[in-house]
Amino acid sequence: MSQHQTPPKDLPEAPSTALTPAGITRRGFLKGAGITAAGTALIEGVQVFQREAVAAAPQNVKEFGPEPFPVTLQINGKAHALQIEPRTTLAEALRIQLNMTGTKVSCDRGVCSSCTVWLDKMPVNSCMTLAIDAVGHHVTTIEGISAADEMHPVQAAFVRHDALQCGFCTPGMVMSCAALLEKNPHPTEADVRYAVSGNLCRCGTYPKVFAATLDAAGQLASKA
Amino acid sequence: MATHTPHSLPDAPLSAATEAAAATKIVSMPIGIPGYTLHEEQRTVPASEPPVLPVNSDLNFIGKSLPRWDGRAKVTGSARYTADVQLPGMLYACFVNSSLPHARVLSVDTTAAESHPGVKGVHVIEQVFGNAVLRDPSLERSKLPIVRYAGQPIAAVAAVSPQAAEEAAAKVKVKYEPLPFVVDADLAREPNAPLVFPGAADQAGTAGGGGSEGGIPQTGNVHGPAVRKQGDAEQGFKDADVIVDARYTTQVQTHSALETHGVVADWKPDLLTVYASTQGTASVREELAGYFKIPKSQVRVITEYMGGGFGAKFGAGNPGVVAATLSRKTGAPVRLMLDREEEHLSVGNRPSSDQRLRIGAKKDGTITAIQLISFGTAGCGTGAGCAGPATNLYKWATLHVEENDVFINAGPAAAFRAPGHPQGAFALEQSIDELAARLNMEPLDLRDRIDENPVRRVQRKIIRESAIWKSRNPRPNADPGPIKRGVGLSQSIWYRHLTMNCGAEVRVHKDGSVEVLSAVQDIGSGIKTVLAQILAEQFGVEAAKISVKIGDTNYPVGPNSGGSVTTASLTPAVRDAAWQAARKFLASVAPALGAMPSDLTLSGGMVRSASGKFQPLAFRAAAAKMNVDEVSAQAKRIPDYDPKKYDTYGGIDVAEVAVDTEAGRIHVKHVLSVHDCGRPINPAQVISQINGGVIQGISYTLFEHRLLDPNYGLMVNANLDKYKIAGSYEVPQVEVQLTESYIGQSSTDASGIGEAAGIISVGAAIGNAFHNATGVRIRQLPMTPAVVLAALNQPQPSMESL
Ligand code: FES
Ligand code: FES
């Protein structure tokens, strides 16, 4: 948890509502739902985390909302204080409140991954992630993966290979592919297909997305 | 209907020709395909035209795969789409949509919605866009528009947040009188089917095509037939040695662009500014000015970036008109972007088809007759005709086409990438293969006999020599195991459609910067890059340094990007403007260089003196010597140099499939796509578009299917979780070969590729590959596992044999 965190003590840290008979909390479900294909490897870890959290849940849980309340989100290394309603998704907080519109929303239902951002380097669908669930995590968006003048190697490779057309899916694609390289610097084409298996592109840029990502991996490897 | 004839899109070449006819010159232009048929031909062109461009290999910028001009903005997220626009005080609007498929709206009570916290305005819709319109409106008396499909917008709410708007929309009370409905196109054709319209109705086409001509007969829900007869087809069939006759059906496909339809409208007393996700800034301006009866000069439309349209995004439509209305009402900018469900329901789709296709041929392959009777549903719109391929792809002696639209209570169709052609080619190209088999001919040999297009001929040669085609076992069903491999091909065709009504301005500044301005929008196909390359070639300045200002009706009018018109229409105007600006530039530096303008040339980025008066001077250094701060030139599209020489565009796709005959799954392994778009200005971008057409074609062929519940009339799969489109796992190896081909028609001789590539031909190529793999014809889309297994268990034979 970051230093700049506003009221972390008051916030429900983790799924705090009681387990439903089926053993799934609503917020636990949303957490799982927000994870993109490339993030599923970490689901198991999340589940362990949930079990511990439930065991440690405090007796008197403070409730939030429905009115807006203050939180601080760590985005691209900067703390942003904002007022959110509990129902606000991370995508809405980014796009509407912070005017960071590089992250796109296309289906608003966790199927297209246009809205992919990283939570501590794990790619998640920000339309399926509540903004309050991002508190205490490092959020990285498309605006945050490159240095001011230099594109991230995946971004540069996308441009070199023309791995984009209308570009609406592109930020999400880039985030999925860059997350892959964080975890796996030497991916195969099958790995790239898996990483973007949740990313829909109606313009059909996939062949060049595969090529660009493999090329970026090669460039990174030769630099390392 | 979509029976295409050359130059049949709106704005046919008209007046410009006569004005400029005065001074002409005769030039020699490259014609044909380098490496195959390249030669020179003469053309008479206006004297003001720039010098003839040589073939791509002799150019520096045009014809090179330069990086997409706005690639960086798109990959870094700084590109601002309509969905991203935020203006101070902007309100969020959403629609209240009909929950019934057919109803009269008796009343709309907005009281509760209006008093909902955060709500600033509510509007009840008086005119619905998109639906077909009754020829005789008096047949239907209703204060508010009749609901013809579930999801039709009825009202809209604007509020300070999206959530407040949605909450308030739920409080709008609509009182309906439900009317009988029909959502199944077969049932809708029956004599006692519920009527979608009480009389004949027509839907106008858009700049992307679609719609229907007026005056076509209508019986019940059947709008048609639109008949075209040439020669005596019955006699043609009598003259035939072989007849193939089959029925094909295809489903409704939704466009599913990733950015939904929508606008941000900002109504000010003297100017309506609209940010629109559109394929036609001109079309949006036109419709808004018309609807609100305000001068066009008081409507500004901006489309800096847009997230895909595929034919469905022309005009202001319901979102545009309603957002502007709400903005006028509330005095604040209003954002109205559709959600994904609305996108599936209300803003267009590709009509279905049910085709009976008969082809008669002589033993040598000569086609004596083609007969196509088609029915298709465009929902409560029209435009289901699909006879383009049957009419235009091959030579025939006689033709008989009847196209029918079947109205159902579903959202209206819209132009969709090569309207009518994927459906038509799915049938035609499988029947042509079937005919070849019956004649004991190879598929390519038969096509060589019946298709004289010189480009297609070269493309077939390329296919013949390709590894994928050589790997094809001509004997169907040759693999003994449960997984069977097959290879098949299909041709595609599209037309040289042009929009004459477009132009551009080019400016050169004293600091050496150069800019091009046009209202044209970049729909993802890369026109920004193309324009930069044309200017780069003229001025010898790096393409990335050219300032490209488009997507704004403040600039000279651009073409609406539909029917693959953009590159073919606009690039000659841009090149002409660049050439004229360069001449003005030379005139403005001539005094400082102590030369006559006629002594100066600008080529390869250098200003030279023909008489050797001075050493070649770099463009930028020369610009500093301009005697004015800026020179500029505007040019409009002039008619094609030789419009009588009509050319089609097209290509051939070859698909390799592996059919799992136990699970019923078709895996597309590899597609070879050989296509023609005239002079490719940026080959990488052309290839991107072809990849996209191929993948969309696979998606259409195997997965996509709009499903309507016959009991309630609702779409059951109106989001991308249930409406399956191809994703990364379904993408085969796509290999593209461009046929660079010159026809000597304009100062760039370029054309578009959006329609011709992939989407038209991949369905039939997969169908033919499936037949090659299994020996069975599959005549129904989408080829889902259930359809595949049914076909394998109960092959549908050709209906008739002679
Ligand atoms: S917008 Fe989040 S997954 Fe589609
Ligand atoms: S580039 Fe248009 S959706 Fe992917």
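Colleague: Which residue's side chain meets that of A:Arg202 in a salt bridge?

Modeller: This is a predicted model. In it, the pair crosses between chains. A:Arg202 sits in the loop between helix H6 (189-195) and helix H7 (206-223) of chain A, and its partner in the loop between H18 and strand E32 (733-738) of chain B. With 2.7 Å from N to O, the partner is B:Glu704.

Colleague: How many salt bridges are there between chain B and chain A?

Modeller: Over all chains, the structure holds 46 salt bridges. One that joins the two chains is A:Arg87 with B:Glu167, whose closest N and O atoms are 2.7 Å apart. For chain B with chain A, the count is six.

Colleague: What area is buried between chain B and chain A?

Modeller: Start with the contacts: 56 residues of chain B touch 45 residues of chain A. B:Val75, B:Leu258 and B:Ser728 supply 18% of the area that chain B buries here, more than any other three residues. Carbon and sulfur atoms give 54% of the buried area between the chains. That area is about 4,000 Å².

Colleague: Which element gives the most residues to the side of chain B that touches chain A?

Modeller: Between the chains, 28 residue pairs are in polar contact, with both residues at pLDDT 80 or more. On the chain B side, the elements giving two or more residues are helix H2 (71-76), helix H4 (162-169), strand E13 (253-254) and helix H18 (683-702). Ten residues come from the top contributor, H18(B).

Colleague: How many charged residues are on the side of chain B that touches chain A?

Modeller: Sort that side by class. Nonpolar residues number 22, and polar ones 23. The charged residues number eleven.

Colleague: How many salt bridges are there between domain 2 of chain B and domain 3 of chain B?

Modeller: Domain 2 covers 82-179 + 261-337, and domain 3 covers 349-496 + 644-793. Twelve residues of domain 2 are in contact with 15 residues of domain 3. Four residue pairs across this boundary are in polar contact, both at pLDDT 80 or more. On the domain 2 side there are six nonpolar, five polar and one charged residues, and the salt bridge count between the two domains is zero.

Colleague: What is the area buried between domain 2 of chain B and domain 3 of chain B?

Modeller: The domain centres, taken over C-alpha atoms, are 37 Å apart. Carbon and sulfur atoms give 63% of the area buried between the two domains. The total is about 970 Å².

Colleague: Where does B:Pro782 lie?

Modeller: Look at the peptide bond before this proline. From B:Leu781 to B:Pro782 the bond is cis, with omega near -10°. B:Pro782 is in a loop of chain B, between helix H19 (762-774) and helix H20 (785-793).

Colleague: Which strand holds B:Pro225?

Modeller: Here too, the bond before the proline is worth checking. The peptide bond from B:Gly224 to B:Pro225 is cis, with omega near 5°. B:Pro225 has its place in residues 222-230 of chain B, strand E11.

Colleague: What is the phi of A:Asp120?

Modeller: A:Asp120 lies in the loop between strand E3 (116-119) and strand E4 (122-125) of chain A. This residue is not a glycine, yet its phi is positive. The value is about 50°.

Colleague: Over which residues of chain B is the pLDDT below 50?

Modeller: Chain B averages a pLDDT of 95, and 96% of the residues score at least 70. For the complex, the predictor gives an ipTM of 0.95 and a pTM of 0.92. The stretch below 50 has 48 contacts in the model beyond near neighbours in sequence. It is residues 1-20.

Terms used:
Residues numbered from 1 in each chain as written. Chains lettered and ligands numbered in written order. Heavy atoms only, no water. Domains from an automatic or database assignment. Contact = heavy atoms within 4.5 Å. Buried area = accessible area lost by both parts, 1.4 Å probe. Salt bridge = Lys/Arg side-chain N within 4 Å of Asp/Glu carboxyl O. Polar contact = N/O pair within 3.5 Å; in protein donor to acceptor, adjacent residues only side chain to side chain. Nonpolar A, V, L, I, M, F, W, Y, C, P; charged D, E, K, R; others polar. pLDDT = per-residue confidence, 0-100. Helix = DSSP H or I, 4+ residues; strand = E, 2+ residues; numbered from the N terminus.
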